[in-house]
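Please examine the nonpolar packing and the unusual backbone geometry of the model shown here.

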Amino acid sequence: MKFTPEQVIEIKQLFVKMNCKDDFLRLLNLAKRHVYGDKVIPFEERQLNYYINYNNNKKSSYISFTVKKKSGLDRTIHAPTKGLKEFQKAVNIILQCVYNPHIAATGFVLGKSIVDNAKPHLKQNYVYNIDLKDFFPSIDKSRIWGRLLTQPFNLGDSNERRAIANMISAICATPMEVERFKNSEWKRELLSVLPQGAPTSPVLTNAICEKLDIRLSGVAKRFGLNYTRYADDITFSSMHNTYENKSNQTEHIYVKDSSFDKEVRRIINDQRFFIKESKVRLQKQGFRQEVTGITVNENLNINSRYIKQLRQWLFYWESFGYEKAYYFFLQNYVTDRGRNKKGDPNMALVIDGKLLYLKMVKGESNAVYVKLKSRLDALLNHPKNQAEIIKKNTDIVDLILEIGLDAAMDHYTL
């Protein structure tokens with residue numbers, strides 16, 4: 001959501017002047033009013049106390065579910081319940097007004113997307129990808145608090161402002177069983193950490209990763225490379241090969257103890273992150289090079305399977321009607337994503353979402369996008385199809401009644 005420059009300045013000025021819980025509550029209500037308008041029901045102090053109470057079991061304030069990763073493994077999402085989510089939305093607005101991410105950060109940044117993350121690596125001979133292990137839950141509550149004490153938040157100016165940093169940390173973190181590397185081995189323990197699924201987690205990870213971005217940008221400059229980071233996905237690229245050591249005159253072999261690799265690993269570990277070794281890959285020109293799912297060899301592109309699947313779903317819908325086409329669609333969807341959410345996905349919404357992604361990558365004038373979008377529009381404008389879509393997806397009503405609208409929509413949109 002975009003705010004006027006005047007609204008951003010107002011929030012920043014009030015943030016600087018905050019000196020007690022009442023000030024924080026007023027700022028939260030201002031942010032909430034900017035989202036919902038003057039008729040919004042303001043937060044009350046008793047509600048704020050509930051979510052910053054350290055004795056409160058935060059697990060009851062989250063709904064956990066899994067979604068399929070591209071690798072086929074499960075990713076656990078911890079979505080806040082409606083009450084907590086409203087507070088986190090307000091905190092997120094405040095933090096976004098106060099903090100501007102590093103230029104190399106492209107994930108969860110207003111005005112940026114995975115397209116901006118991929119563009120710097122277009123038409124390069126070498127693309128080097130690194131993923132960070134357990135990105136969100138690797139950040140403890142104490143680390144959130146410590147970051148809020150420093151610039152540009154500056155909540156370490158006084159004891160009263162440090163108490164506000166405590167409140168924000170309590171709202172944004174939740175107890176969770178996580179892995180920590182201690183005494184040369186990975187051990188599981190219960191810690192209060194950033195959940196993947198909270199509105200506040202993205203902006204906080206970018207703030208905490210600022211030093212990481214500064215130092216890795218410095219390495220990239222020294223070695224003559226391009227560098228971007230999209231959440232836990234780190235990418236370097238270049239025309240020259242700085243990623244391998246020459247083992248003999250005819251062969252290049254990538255080794256972890258190259259000078260570049262040593263420096264990158266040292267910085268990542270210094271910033272208390274760990275590399276997921278199975279996701280480290282060097283992609284050379286002549287083979288498909290991908291950055292956050294976008295092909296970057298010659299032009300920004302999407303893999304052919306993505307387009308083929310869209311055409312197939314639309315063809316089934318045009319040929320057999322919505323209800324019969326839905327069963328073909330559902331088989332593909334479950335295979336790719338798994339059936340981990342209550343209820344079935346809405347085929348029309350899924351197709352529309354995939355077309356929006358295609359438009360973002362290829363542009364609204366792209367011939368493939370224009371043709372597929374026109375086919376979807378023709379189907380959606382048919383009265384019979386509209387009735388079938390509503391009938392087929394009434395299961396979401398049961399989910400809304402059970403866990404609330406916001407949580408239900410998280411199940412369908414995350």
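## Nonpolar cores

In this predicted model, the largest nonpolar core (a set of buried Ala, Val, Leu, Ile, Met, Phe, Trp, Tyr and Cys residues joined through side-chain atoms within 4.5 Å) has 70 residues, and Phe24 and Phe236 have the most contacts inside it. Helix α4, residues 82–98, supplies the largest share of this core, nine residues; helices (H or I, at least four residues) and strands (E, at least two) are DSSP runs, numbered from the N terminus. A second, separate core of 33 residues includes Ile294, Tyr306, Ala325 and Tyr333.

Leaving aside neighbours within four places in sequence, Phe236 is in contact (heavy atoms within 4.5 Å) with residues including His121, Tyr128, Leu216, Tyr243, Phe260 and Val264.

## Backbone geometry in loops

A cis peptide bond, with omega about 0°, joins Gln151 and Pro152, and Pro152 lies in the loop between α6 (141–148) and α7 (159–172).

Asn183, in the loop between β4 (174–182) and β5 (185–193), has a positive phi near 55° although this residue is not glycine. Arg272, in the loop between α10 (259–270) and β10 (281–284), likewise has a positive phi, near 65°. Asn183 is exposed, with a relative accessible area of 68%, whereas Arg272 is partly exposed at 48%; buried means under 20% relative accessible area, exposed over 50%, and partly exposed in between (1.4 Å probe, protein chains only).

## Basis of the values

Residues are numbered from 1 along each chain as its sequence is written, and side-chain values use heavy atoms, leaving out hydrogens and water. Local features need pLDDT of at least 70 and side-chain atom pairs count only at pLDDT 80 or more, while totals for chains, interfaces and linings use all residues.
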